[in-house]
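Q: Can you help me read this one? I'd like to go through it piece by piece.
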Amino acid sequence: MRKKANVSFIGLGCSKNNYDLEYLMGYLADNGCCIVNDIAESDYIVVNTCGFIEPAVSEAIENIVEAGQYKTGEKKLVVTGCMVERYKKEFASEFPEVDFFTGVHTLNEAAEFILRDSEFIEKQESLTSYGASRILINPGYYAYVKISDGCNNRCSYCTIPSIRGHLRSRSMEDILQEVTNLLNEGVREIILISQDSTKYGMDLYGKSSLVELVEQINNISGDFFIRLLYLNPDGIDKKMILKFAGFAKLIKYFEIPVQHISDRILRRMNRKSDSQHIKNVFNWIREIIPDAFIRTTFIVGFPGETDEDFYMLENFIIDFKPDFAGFFAFSPEERTLAWEMPGRIDNNTVEIRIRILENIQKQNTVKRLSE
């Protein structure tokens, strides 16, 4: 009997990236590969990259170069994911040490390369279908479930549409089957993810179908929880919050990326919400579900951000008190509208503004956690 091919993985980026990687791992394991943790012991090294912003690209490059240093004998290097998708034209010439590369929607091609190339695998007449198996890389009590991929929002600073394309929702039946399978395997927290979950189903059903999806998952028998991530404020209304309040299995945790509160900056960002709607969303949640936890994110130093714009942001955090907030310096990314915008803010000013906001938010979080 032939020795199994050893395959090691380096997973970079967000939960959506790791979700894709888990299915690649499951497919390879089902078809004769052995998944190993030690790169030095592997016959194939797979690096699944992130390419959302420049620091993520730099991290991906570092990992590719480092993995390449392990190539000895017949060991081969495979690179997949967002950074490859973003820089496909330049990739081959920049990384000659890579034996095979592919983007975000074609990880099955990486699997086929390994299965075709390997001398260790017993060739099978019929392979397990790609997507039928999954290996969780996190503790087994929770699992991510991707409900859609891609995004139609077209925020002026964001590379996601150029990497992952237009919104593509999964069918409700497909998602419910995956959730049921995970629960049967002992998972007790289902975390629903996408680029913008409030837009789920708009391409398939002609309207946002997120509430209906969560309701159907909530109605599955069993003792488990549902966590919902990435709700753009423009897709939230009071009716949605009222419905969510009634779902017993839904953790009352709202991940709402606000990004800014100045209407002028929101327009430059091409965000669909204005400041009043964002404030309404916070007020609805506090009114309907007083013990809900609200987490948000902000981009600081967007081109043209004035002191007045910053003070609006500062006052919003003081007045509306998100329970947790992340503050990120604007990252100018090629091939986005914001790349060409005048009025970039110097790094020192951005760092000072972030420290001010973090100090305010720390007080909000400490107070909430002490309640």
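A: Start with strand 3, keeping in mind that this is a predicted model. Y44, V46 and N48 point one way from strand 3, while I45, V47 and T49 point the other way, and all of them are buried.

Q: Why do the side chains split between two directions like that?
A: Because in a regular strand the side chains alternate between the two faces of the sheet.

Q: OK, and how many residues of strand 3 are buried?
A: Six of its six, so to speak of residues 44-49 as mostly covered fits the cut-off for buried, under 20% relative accessible area.

Q: What is strand 3 paired with on the strand 1 side, and how do the two run?
A: Strand 1, residues 5-11, is joined to strand 3 by five bridges, and the two run parallel. One bridge partner pair is S8 and I45, with I45 in strand 3.

Q: And strand 4?
A: Six bridges join strand 3 to strand 4, residues 76-81, and these run parallel too. T49 has G81 in strand 4 as its bridge partner.

Q: How does the chain get from strand 3 to strand 4, and what is the hand of the crossover?
A: The chain passes through helix 2, residues 54-68, and this β-α-β crossover is right-handed.

Q: Changing topic: which residues have the most contacts inside the largest nonpolar core?
A: I190, L192, I217, F244, F254 and I256, in a core of 57 residues.

Q: What does F244 touch?
A: Leaving aside neighbours within four places in sequence, F244 is in contact with L210, V211, V214, L228, L250, K252 and F254.

Q: What lies apart from that core?
A: Another core, of 19 residues, including M25, C33, F113 and I114.

Methods
Residues numbered from 1 in each chain as written. Predicted model: local features only at pLDDT ≥ 70, side-chain atom pairs only at ≥ 80, totals over all residues. Heavy atoms only, no water. Buried < 20%, exposed > 50% of the residue type's maximum accessible area, 1.4 Å probe, protein only. Helix = DSSP H or I, 4+ residues; strand = E, 2+ residues; numbered from the N terminus. Pairing = 2+ DSSP bridges. Right-handed = clockwise from strand over helix to strand, strands pointing away. Core = buried A, V, L, I, M, F, W, Y, C linked by side-chain atoms within 4.5 Å. Contact = heavy atoms within 4.5 Å.
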